[in-house]
Amino acid sequence: RPSSDFSAVEDFISQVDAYVYDGKTQSIIEILEKVRPDVVFHVASLVLTQHTPEQVESLISSNVPFGTQLLEAMVLAGVKKFINTSTTWQYFGEENKQSVNLYAATKKAYEEVIDYYNDAHDISVISLVLSDTYGIGDRRVKLINLLIDAVRRDEKISMSPGDQIVDVSHVYDVVRSFESAAQDLIEATSTVNLKFAISGARLSVKELVAEVERVSGKKINAEFGGRAYRIREVMA
């Protein structure tokens, strides 16, 4: 977008083609007709674990209209292979049919749009369901980064009781999964609509703290129970 911050990709932005999306469907149509990629990887999303009323519009516009415009442009450009990024937060509750938060609900709503383009326009789709991810260069305020900072600064970190189970995948494994999905789409002989979960190391938050301590060789001053579980916390 015209307002995008390129600092996170400044090391390689000169090696790729970057295009401007102005919010209108026509701009994506023009990009897709020019590029005509073999496979589209859709990894753009606004992720909010908890939202405010002021964030509702941006959350929905990021996770539903943009992706719909992208699929429409694919149809017009004759591009037929699409990889979507889903989240485990779409599978909550006793029957795994509820959304943890509004972010997950928008992701689930978008998959109804995907199903339409798959059925009506023969767009082949693989959705990869992600849980927690980590790796070098991660700028997000995620638990593993917070634990690493606590080690470096030798500061106390206030945590939940720590009994929830997390599933963490290294970014390199995630990338390999996307590459594998792309290869599956390229080799497919008919239209497909598939979904796979990417699973890495599965352990409790307490066990994750112990693992960071083991790797760093330092004790973390973790205050378990210092803060409550989040509303609608995913325990497993």
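These are my notebook entries on a predicted model of one protein chain.

**Entry 1: the whole chain**

I began with the overall dimensions, and along its principal axes the C-alpha trace spans about 55 × 45 × 40 Å. Counting secondary structure, I found seven helices and nine strands in the chain. I then looked up burial, and of the 236 residues in the chain, 36% are buried. For the surface I noted that the chain exposes about 14,400 Å², with carbon and sulfur atoms supplying 52% of that area. I also asked how contacts are spread along the sequence: taking contacts between residues at least 6 apart, 76% join residues at least 24 apart.

**Entry 2: helix H1**

Next I went to helix H1, residues 25-35, and listed its buried residues, which are Ser27, Ile28, Ile29, Ile31 and Leu32. A general point I kept in mind here is that an α-helix has 3.6 residues a turn, so residues three or four places apart point the same way. What do the buried residues of H1 pack against? I found that they pack against strand E1 (40-42) and helix H3 (65-77). Past the end of the helix I checked the backbone, and Arg36, which follows H1, has a positive phi, near 45°.

**Entry 3: Ser86**

I then turned to a single residue, Ser86, which lies in strand E2 (residues 81-87). Is Ser86 buried or exposed? I recorded it as buried, because its relative accessibility is 2%, and the cut-off for buried is under 20%. To see what surrounds Ser86, I set aside its neighbours within four places in sequence, and the residues in contact with it are then Lys107, Glu111, Ser127, Leu128, Val129 and Leu130.

**Entry 4: the second largest pocket**

My last look-up was the second largest pocket, which holds about 580 Å³ of space. Its lining is made of 20 residues, and those closest to the pocket centre are Tyr134, Ile144, Asn145, Ile148 and Val212. Which elements each supply at least two residues of this lining? I noted helix H5 (143-153), strand E6 (165-170), strand E8 (201-204) and helix H7 (205-216). Helix H5 gives the most to the lining, with six residues. Sorting the lining of this pocket by residue class, I wrote down 11 nonpolar, five polar and four charged residues.

Note on methods: Residues numbered from 1 in each chain as written. Predicted model: local features only at pLDDT ≥ 70, side-chain atom pairs only at ≥ 80, totals over all residues. Heavy atoms only, no water. 1 Å grid on protein atoms, 1.4 Å probe; cavity = no way out; pocket = protein on both sides within 12 Å on 5 of 7 lines; lining within 4 Å. Points joined across faces, edges and corners; volume = space filled by probe spheres on them. Helix = DSSP H or I, 4+ residues; strand = E, 2+ residues; numbered from the N terminus. Nonpolar A, V, L, I, M, F, W, Y, C, P; charged D, E, K, R; others polar. Buried < 20%, exposed > 50% of the residue type's maximum accessible area, 1.4 Å probe, protein only. Contact = heavy atoms within 4.5 Å. Areas by Shrake-Rupley, 256 points an atom, 1.4 Å probe, with all protein chains shown as cover.
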